[in-house]
Amino acid sequence: RTVFLNGIARRAASEDGPSLHQQTWENELDNALFDSGSLKLFNSHYFSSAEDVLYHCIFALDRTGIDRNKVAVRISGAAEERGELFELLIKYFTAPILLEGPDLLDRDPALADRPYHQDHLLFELFLSRHMLFSFYR
């Protein structure tokens, strides 16, 4: 989660106004809410449906008093464009977008059909396995 939070903090610092950054895993959600580059709220939740994710987004906004019509919603992780979660968020927020990584790295051709916004999943898996292996060495 540190990789996610550090990356979006840099992105949020260049944005004017509030932004809600989501990272979804298989059944986990990280929400980071920024206002003019300042972190206002970060929380993690388990979810079982797109409605659960929407609930946690609205809850984060209610806790901070940020208007849902003024927040930029940025999504990364397991969400798919035109998937159930993305379609639900479009109904409640103005133009949510999937964050895509820059073309700075040469990607293996085996990953060509995988969206950039899911690259962090591979990175996190690598880190968790590497750290576990190093711990037991």
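**A walk through the fold, starting at I97**

Hi everyone, let's begin with one residue: I97 sits in strand β5, which covers residues 97-98. Before I go on, please keep in mind that this is a predicted model.

So how exposed is I97? Its relative accessibility is 37%, and therefore I97 counts as partly exposed, since that class lies between 20% and 50%. Which residues does I97 touch, if we skip those up to four places away in sequence? The answer is V73, R74, I75 and F86. There is also a distance you can check on the screen: the C-alpha atoms of I97 and S76 are 8.7 Å apart, and these positions lie 21 residues apart along the chain, counted as separation.

I75 was in that contact list for I97, and we can look at the pair from the other side. Leaving out neighbours within four places in sequence, I75 is in contact with Q22, F86, L89, P96, I97, L98 and L99. I75 is also among the residues with the most contacts inside the largest nonpolar core, together with L33, V71, L89 and F93. That core has 22 residues. Where do they come from? At least two residues each are supplied by β2 (28-35), α2, β4 (72-77) and α3. Which element gives the most to this core? It is α2, with six residues.

Now let me zoom out for a moment. The chain has four helices and five strands. Going along the sequence, you meet them in the pattern α-β-β-β-α-β-α-β-α. There are 137 residues in the chain, and 38% of them count as buried. If you take the contacts in the chain with a separation of 6 or more, 49% of them are between residues 24 or more positions apart.

Next, two of the helices. A word of background: two packed helices are described by the angle between their axes and the distance between the axes. Here, α2 spans residues 50-64 and α3 spans residues 84-92. They pack at an angle of about 40°, and their axes are 9 Å apart. The two helices are therefore oblique to each other. As for handedness, α2 passes α3 in a right-handed crossing.

Which residues meet there? On the α2 side we have A50, E51, V53, L54 and C57, and on the α3 side E84, L85, L88, L89 and Y92. Sorted by class, this contact holds eight nonpolar residues, two charged ones and no polar ones.

Let's stay with E84, which is found in helix α3. Is E84 buried or exposed? Its relative accessible area is 58%, so E84 is exposed. Apart from neighbours within four places in sequence, E84 is in contact with A50 and E51. The C-alpha atoms of E84 and S49 are separated by 9.0 Å, with the two residues 35 apart along the chain.

Over to strand β3, residues 38-46, where we find H45. With a relative accessible area of 21%, H45 is partly exposed, because buried would mean under 20%. H45 touches N27, E28, L29 and H56, again not counting residues up to four places away in sequence. The C-alpha atoms of H45 and D30 are 6.6 Å apart, and these residues are 15 apart along the chain.

Last stop: two backbone angles. Most residues other than glycine have a negative phi. S36 has a phi near 50°, a positive value in a residue other than glycine. You will find S36 in the loop between β2 and β3. S36 is exposed, with its relative accessible area at 52%.

A95 also has a positive phi, near 50°, and it too is a residue other than glycine. Where is A95? Look in the loop between α3 and β5. At 55% relative accessibility, A95 counts as exposed.

To recap, we started at I97 in β5, followed its contact with I75 into a nonpolar core of 22 residues, and then looked at the oblique pair α2 and α3. Thanks for listening!

Definitions and conventions:
Residues numbered from 1 in each chain as written. Predicted model: local features only at pLDDT ≥ 70, side-chain atom pairs only at ≥ 80, totals over all residues. Heavy atoms only, no water. Axes fitted to C-alpha atoms, helices over the stretch in contact; angles between N-to-C directions. Parallel < 35°, antiparallel > 145°, perpendicular 65-115°, else oblique. Left-handed = near helix turned anticlockwise from the far one by under 90°. Contact = heavy atoms within 4.5 Å. Nonpolar A, V, L, I, M, F, W, Y, C, P; charged D, E, K, R; others polar. Core = buried A, V, L, I, M, F, W, Y, C linked by side-chain atoms within 4.5 Å. Buried < 20%, exposed > 50% of the residue type's maximum accessible area, 1.4 Å probe, protein only.
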